[in-house]
Amino acid sequence: MRIATYNVNGVNGRLPVLLRWLEETKPDIACLQELKAPHEKFPLEAIQNAGYEAIWHGQKSWNGVAILSKVGPITEKRRVLPGDPEDLHSRYIEAEINGILVGCLYLPNGNPAPGPKFDYKLNWFQRFTTHAASLFKMDIPVVLTGDYNVMPTDLDVYKPERWVNDALFRPETRAAFHGLLSQGWTDALRKLHPDEKIYTFWDYFRDAYGRDAGLRIDHFLLNDQMDKRLISAGVDRNVRGWEKSSDHAPVWIEIK
DNA sequence: ATGCCGTGGAAACCACGA
């Protein structure tokens, strides 16, 4: 079974690319972020025609997350990250599919840092970490995947020294990610490719993709039951080179 | 060092992204 994550950067603007990617790689479950569409503008019909069921949490202009499945019903568990009723951003959705718990997240960017947006990011991260602790102990396989907006280590940035003061790489952000990992989660891509340069995002400008000036910010975190089933993992980096592509590439894992 | 590009929505520019 293949589970994928893809920050589409606009689900309607990206629809041809999204459908082509679904058709070519046929993920069984796909988590999407940055829909940038309100609930009623989600392209459900096109996605159903591609063979998928979907649940989503849209929002006008920004954010937005979805879970797609072609392997049975999606039982939604929650569509809001607990801990702050005043947080109205659509950044989290969670479902059970075929006995697997899937959390799809779009963690805040946080720039400029320091400042209120960075505070929001760290707050959101703390709330997510609290929620993740309860999920880790569940008696079923759990995967938390999406755009974490964190490069965990120097190996995950083309030029670490340029990013030390950026919200995606500041010490507080990396500490938050490693605090989350310390609950026991496995970073699937890094586990299977410990020394490899792996990127999931390349800026649109300055030919970042052509220069391979990338970042690894889209991640798969697995609890022990899921980790036991992990076979392989990778990035569909060629998709980033397609016409009208997102600035992210899809990331995937293969499980037993 | 920098939204230089791209998206969406409102309005012919702005917010936001990483």
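1. A good place to start in this predicted model is the hairpin of strand 6 and strand 7, where 2 residues lie between the strands and Asn 98 adopts a positive phi near 50°. The two strands of the hairpin run antiparallel and are joined by 6 bridges, with strand 6 covering residues 92–97. If you want a pair to look at, Glu 94 has Gly 103 in strand 7 as its bridge partner.

2. Do have a look at strand 7 itself. In residues 100–106, 7 of the 7 residues are buried, so the strand is largely enclosed by the rest of the structure. Ile 100, Val 102, Cys 104 and Tyr 106 point one way, while Leu 101, Gly 103 and Leu 105 point the other way, and all are buried. As a reminder, side chains in a regular strand alternate between the two faces of the sheet.

3. Next comes strand 8, which pairs with strand 7 in the parallel sense over 6 bridges. Here Cys 104 has Thr 145 of strand 8 as its bridge partner. Strand 8 (residues 142–147) also runs antiparallel to strand 12 (residues 218–222), and 5 bridges join these two. Asp 147 is matched there with Asp 218 of strand 12.

4. Now for the whole sheet. Its 6 strands follow the order 5-6-7-8-12-9 in an open sheet with mixed pairing. Strand 5 (75–78) and strand 9 (186–187) stand at the edges with a single partner strand each, so one side of each has no neighbour in the sheet.

5. Which residues of helix 4 are buried? In this helix (residues 171–181), they are Thr 173, Ala 176, Phe 177 and Leu 180. These residues cover an arc of only 95° around the axis, which means that they sit on the same side of helix 4. Helix 3 (116–136) is included in what covers them. On the other side of helix 4, Pro 171, Ala 175 and Gly 179 are exposed.

6. For the DNA, 26 residues lie around strand B, and Gly 10, Gly 13, Lys 36, Asn 111 and Phe 205 come nearest. By class, the surface near DNA strand B has 10 nonpolar, 9 polar and 7 charged residues.

7. Finally, the overall picture. Chain A contains 6 helices and 14 strands, and buried residues make up 44% of its 256 residues. The radius of gyration of chain A is 17 Å, which agrees with the value near 18 Å for a compact globule of 256 residues. Of the contacts between residues at least 6 apart in sequence, 67% join residues at least 24 apart.

Notes:
Residues are numbered from 1 along each chain as its sequence is written. Chains are lettered from A and ligands numbered from 1 in the order in which they are written. This is a predicted model: local features need pLDDT of at least 70, side-chain atom pairs count only at pLDDT 80 or more; totals for chains, interfaces and linings use all residues. Helices (H or I, at least four residues) and strands (E, at least two) are DSSP runs, numbered from the N terminus. The radius of gyration is taken over C-alpha atoms; the globule rule is 2.2 Å times the number of residues to the power 0.38. A residue is buried if 20 or more other C-beta atoms lie within 10 Å of its own, exposed if 12 or fewer, and partly exposed in between; C-beta atoms are placed from the backbone. Two residues are in contact if their C-beta atoms, placed from the backbone, lie within 7 Å. A residue is near a molecule or strand if its C-beta atom, placed from the backbone, lies within 6 Å of it. Ala, Val, Leu, Ile, Met, Phe, Trp, Tyr, Cys and Pro count as nonpolar, Asp, Glu, Lys and Arg as charged, and the others, Gly among them, as polar. Two strands pair if DSSP finds at least two bridges between them. The arc is that of the directions from the helix axis to the C-beta atoms.
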